Amino acid sequence: MRRLRERAIETVLFLAAASSVLVTAGIVGILVVESIPFFSHVSLKDFLTDTEWTPLFENAHYGILPLLCGTFLSTVIALSVAIPLGTVAAAFLSEYIRPSLREILKPLLELLAAVPTVVYGYFALLFVTPLLQKVIPSLGGFNVLSAGIVIGIMIVPYVSSLSEDAMRSVPGHLREASFAVGASRMQTAFRVVIPAAFSGISSAYILGISRALGETMVVAIAAGMQPNLTLNPTEPAATITAFIVQVSLGDLPHGSIGYQSIYVAGLSLLVLTLCFNVIGLWLRKKFQEKE
Amino acid sequence: MWDFIFAVLGLMSLLFALVTLLTLIIDLAITGVPRINFEFFTNFPSRFAERAGILSAWVGSFCIMLTTAFCAIPLGVAAGVYLEEYSKKNWVSQLIELNIINLAGIPSITYGLMALGLFVYKLKLGQSILTAGLTLGLLVLPIIIVTTREAIRSIPNTIREASYAMGASKWQTIRYHILPYSSGGILTGVIISLSRAIGETAPLITIGALTFIAFLPTPPVEGHFPFVNFKWLMDPFTVMPIQMFNWLSRPQPEFHVNAAATGVILLLMTLIMNGGAIYLRLRFRKKMKW
């Protein structure tokens, strides 16, 4: 009786753990199933090469390029803010300051990630954009630049927190060896600790990239939701996520091509983030073998 | 010399991030706080900015939080316990672990798309509070699993051995020793995940949250037998972040003030919840010296 009970409990707990796999299967499955009908209307070639994305217009075009372009642009801007800031902050937290001070500063930094994204959208639209307009007078009310910068600030803690963990787990004797041959703190940080922690740091970067790619509300609010094939960050643009929001706000009948188009967009986004996650895993494996 | 420069650089990047956070809070507070009064909480949204309030939004947020907590906490804790205490090193458990790492990187809006296809259209749950709660529940599941595992992992093996030595079974050990001792860490994860869920906007827009709603869900208590009902689960909803987004996307600046006021409330709630989680984490780390 008791053994039966134990077995039953173990099975229930296993099912709970396995449900997380079901969630992934559900996401991938639904996105694929709902996307398939789309490609009977639109050829894959048009989808990948057409330079216009206007699925809801009379004369519809279904080229994903403008959305990819917007997503790429906002991600690059976000990363050029988050990676330097996050890495330097992580090195500083891990190598320079007292542990007691770190215990205060690290959670404070993590609060940045806790702010709701819609609040960041407000900040980008009504604070950062007017501020940037003082520097670049030609800047429009909606632009990718301020959205990207704000996303960058938002993902600083994702980058710094994981990088700092990785740097701190580098064994102390490596640092001592480096100091013993006369290296300074900075030389130790950059030539010893960061290379040794590279697998952890790279997976922090990858997580940052995934966050930036998938960030929705900031770009939906501040970037203008206009699919533009441009690499000019001062212009409005639409990202994959912003397009999904834009369509969802309207009233789309289930099964229409517009409805399918958000699944296609979602699938593209998932493939993109999955690629980066795979690269991240590969990097981690590669560098772990070397040690 | 270079050391000093780098230290200054490090301090500056930390301060830059923290000053930005402070600027955001102050900017929002200056615009929003004067708008917050009693009527703001008890009025429905309105065409007139000065009469509009967030009643339906905060009630909606509250109902959805309840649903989210109800489905995510048992599932997440159970999964965490299984992975830490039961799972053997085989491909199934490795698949689950890899999958949880991957889930953390999946954009939240794809959860919304999945929920729209699965819950709204396949399972016919409609664009309801239940759908929203389930969606957010699945979204925060990885957070709860990971923090539960960390909390359990920090319990030394001696506790388990002592329990087995007294003749306890595996489940009894978990039920009476492991879970109570790790409850602080688990609670931290629960608070963090709920604060994440309360600010989440994108997946709820995708499943069709209404942006203008001037009624409340069905009351859960009624005057006749059986006195409680769950009809509210199937009602349409809006939540505070969506209300804020809606006001923010209007051109009139008066509505932006409303958006800022909603933002202040949202920010206050998430910061309090996160502060509480940090406090709990510190307290339990100090108290538990194994």
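Chain B exposes about 13,400 Å², and carbon and sulfur atoms supply 72% of that area. Keep in mind as you look around that this is a predicted model.

**Getting to know chain B**

Chain B has 290 residues, of which 53% count as buried. Its secondary structure is easy to list: there are eleven helices and zero strands. Read from the N terminus on, the elements run α-α-α-α-α-α-α-α-α-α-α. If you draw a box along the principal axes, the C-alpha atoms of chain B fill roughly 75 × 70 × 35 Å.

How do the contacts spread along the chain? Among contacts in chain B with a separation of 6 or more, 76% are between residues 24 or more positions apart. As for charge, chain B carries 21 positive and 13 negative charges, and the mean positions of these two groups are 7 Å apart.

**Salt bridges**

Over all chains, the structure holds twelve salt bridges. Here are some of them, with the distance from N to O.

| Salt bridge | N to O distance |
|---|---|
| D165(A) and K106(A) | 2.8 Å |
| R149(B) and E84(B) | 2.9 Å |
| R196(B) and E200(B) | 3.4 Å |

Let us start in chain A, where the side chains of D165(A) and K106(A) meet in a salt bridge. This pair links distant parts of the chain: D165(A) lies in helix α7 (residues 144-168), K106(A) lies in helix α5 (residues 99-114), and the two are 59 residues apart. Is K106(A) buried or exposed? K106(A) is buried, because its relative accessible area of 14% falls under the 20% cut-off. Its partner D165(A) counts as partly exposed, at 37% relative accessibility. Both residues also belong to a network of salt bridges that links R102(A), K106(A), E164(A), D165(A) and R168(A).

Now move to chain B, where R149(B) forms a salt bridge with E84(B). This pair, too, links distant parts of its chain: R149(B) sits in helix α6 (residues 129-153) and E84(B) in helix α3 (residues 55-86), 65 residues apart. R149(B) is buried, at 14% relative accessibility, whereas E84(B) is partly exposed, with a relative accessible area of 23%.

Which residue forms a salt bridge with R196(B)? The partner is E200(B), with the closest N and O atoms 3.4 Å apart. E200(B) counts as buried, at 6% relative accessibility, while R196(B) is partly exposed, with a relative accessible area of 26%.

Technical notes:
Residues are numbered from 1 along each chain as its sequence is written. Chains are lettered from A and ligands numbered from 1 in the order in which they are written. This is a predicted model: local features need pLDDT of at least 70, side-chain atom pairs count only at pLDDT 80 or more; totals for chains, interfaces and linings use all residues. Side-chain values use heavy atoms; hydrogens and water are left out. A salt bridge is a side-chain nitrogen of Lys or Arg within 4 Å of a carboxyl oxygen of Asp or Glu. Helices (H or I, at least four residues) and strands (E, at least two) are DSSP runs, numbered from the N terminus. Buried means under 20% relative accessible area, exposed over 50%, partly exposed in between (1.4 Å probe, protein chains only). Contact means heavy atoms within 4.5 Å. Accessible areas come from the Shrake-Rupley method with a 1.4 Å probe; for residues, only the protein chains shown count as cover. Lys and Arg count as positive and Asp and Glu as negative; His and the chain ends are not counted. The place of a charge is taken as NZ of Lys, CZ of Arg, CG of Asp or CD of Glu.
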